[in-house]
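Hi everyone, thanks for making time. I'll put the sequence and the model up, and then we can walk through some helix packing.

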Amino acid sequence: MTSVTTAAESGIKEAVKRFILSSVNIPDLGDDDNLFETGIVNSLFAVQLMTFVEKTFAIEVEMDDLDIENFKSLNATVAFVSRKNGHRVA
Amino acid sequence: MEFRQIGVLGAGNIGVGVVTDLVLHGITAVIVDISQEILRRAQAEVLKNIRFAPALSKTLPRVTKEEASSRMVLTTDLKAVSTCDFVIENVTEDWQTKKQVYENLERVAPPEVCFGANTSCISITQIAGATRRPANVVGIHLMNPVHLKPTVEVIRGFHTSDRTIEILLQLFSRLSKDAILVEDMPGFVSNRISHLFMNEAAFVLQDRVATAEKIDSIFKKCFGHKMGPLETADLIGLDTVMRSLDVLYESFQDPKYRCCPLLRKLVHAGHLGRKSGKGFYVYPEG
């Protein structure tokens, strides 16, 4: 399956990346860097990230979405938001 | 003992955590604080904690918003705890405030009810002295975030009875928590040591030896701690850390507990850590 990143996804990625980098003191963040396993953030940050995506993209993180896998990296978070928004997932 | 209702005095950081844990485990919490505004904020925080809990822990029970709301009684009237099986006190880390609360609590709680004093540093024996039931007072030192921490430091005061300890252990068993029982001295084990770390880390930052990030990184990457001392202080609340240091200083009369001027300055500037959005670090909204 061909991976296609839409303009909408690029915008989501940019916003999420900006939010994460404003919260942690690292110079850059790789698309697939695991935020929690690498210790970049602690698990409490997951709540901040979930709250951020809800407010910013007007989506609701529902009971079945409450899996840290959905927010473990930049790409995972973008895929989650895109899925909720009905955009094509890269 | 059957725990149907637990009184929770003080709806700050730890109080919210205690209520979250109780509600998640099917116990009704009667939450008392001094204003409706504080109570409303606390309720919102509890509901947020409960909503996101499944993402942070696979083992915690799943509870709906409606179930959670039905297990919370919010009030500014201390008399509401008169029907509670146990009372957990989490008011401000200030002796005069706690003393007043315990004197009032003594009047409204049935004599057999036990009190769990949640304090960072104040001696449990001193707190028990403000009541007429010192055998029923036990110290509990819950860590943040309460509902995600599996272990609690429990402090036996000079007069604390075995029955009181047993009742508390039963309650923690309901909350799936283990307890480590220690004897009473200001700061107990955890805070007597951890506050030296946090305070000295603030001095190191003040002396410009390293940035906050570098200080915390050394603790995380070299010592293997989950969090560094400065981010821990931000999580606890810098005002609470400052007050705890003052209690330790006052109690031991030992200059090693003198509060770092930078820490005190941040508190006076309103930079209290996570809860105010700024402390040693800046926290994005959310």
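Before any angles: axes here are lines fitted to C-alpha atoms, for helices over the stretch in contact, and angles run from 0 to 180 degrees between N-to-C directions. Helices themselves are DSSP runs of H or I with at least four residues, strands are runs of E with at least two, and both are numbered from the N terminus.

Quick housekeeping. This is a predicted model, where local features need pLDDT of at least 70 and side-chain atom pairs count only at pLDDT 80 or more, while totals for chains, interfaces and linings use all residues. Residues are numbered from 1 along each chain as its sequence is written, and chains are lettered from A, ligands numbered from 1, in the order in which they are written.

Okay, the helix pair between the chains. The axes of α2(A) and α2(B) come within 10 Å and cross at roughly 120°. That makes the two oblique to each other, given that under 35 degrees is roughly parallel, over 145 roughly antiparallel, 65 to 115 roughly perpendicular and the rest oblique. The crossing of α2(A) and α2(B) is right-handed, as in the near helix being turned clockwise from the far one by less than a right angle; anticlockwise would be left-handed.

Who touches whom? On α2(A) we have Ala46(A), Val47(A) and Met50(A), and on α2(B) there are Phe52(B), Ala55(B) and Leu56(B). Contact means C-beta atoms, placed from the backbone, within 7 Å. By class, that patch is six nonpolar, no polar and no charged. For the classes, Ala, Val, Leu, Ile, Met, Phe, Trp, Tyr, Cys and Pro are nonpolar, Asp, Glu, Lys and Arg are charged, and the others, Gly among them, are polar.

Zooming out to the whole contact, 18 residues come from chain A and eleven from chain B. On the chain A side, α1 (7-23) and α2 (44-57) each give two or more residues, and α2(A) gives the most, with seven. That side of chain A comes to nine nonpolar, eight polar and one charged.

Chain A itself has three helices and zero strands. Of its 90 residues, 26% are buried, where buried is 20 or more other C-beta atoms within 10 Å of a residue's own, exposed is 12 or fewer, and partly exposed is in between, again with C-beta atoms placed from the backbone.

Now inside chain B. Helix α1(B), residues 13-24, packs on α2(B) at about 50°, with the axes 9 Å apart, so this pair is oblique as well. α1(B) passes α2(B) in a right-handed crossing too. Among the residues making that contact are Thr20(B), Val23(B) and Leu24(B) of α1(B) and Ile50(B) of α2(B).

Is Ile50(B) buried or exposed? Buried, because 25 other C-beta atoms sit within 10 Å. Beyond neighbours within four places in sequence, Ile50(B) contacts Thr20(B), Val23(B), Leu24(B), Val63(B) and Ala68(B). Its C-alpha is also 7.8 Å from that of Lys65(B), 15 residues apart along the chain.

Last stop, α10(B), residues 238-252. Its 15 residues reach 21 Å from first C-alpha to last, close to the 21 Å expected at 1.5 Å a residue, the expected span being 1.5 Å times one less than the number of residues. Its buried residues include Leu238(B), Asp239(B) and Arg243(B), and the cover over the buried ones includes α7 (190-206), α9 (229-236) and α11 (261-268) of chain B. Right after α10(B) comes Gln253(B), with a positive phi near 55°.

Definitions and conventions: Contact = placed C-beta atoms within 7 Å.
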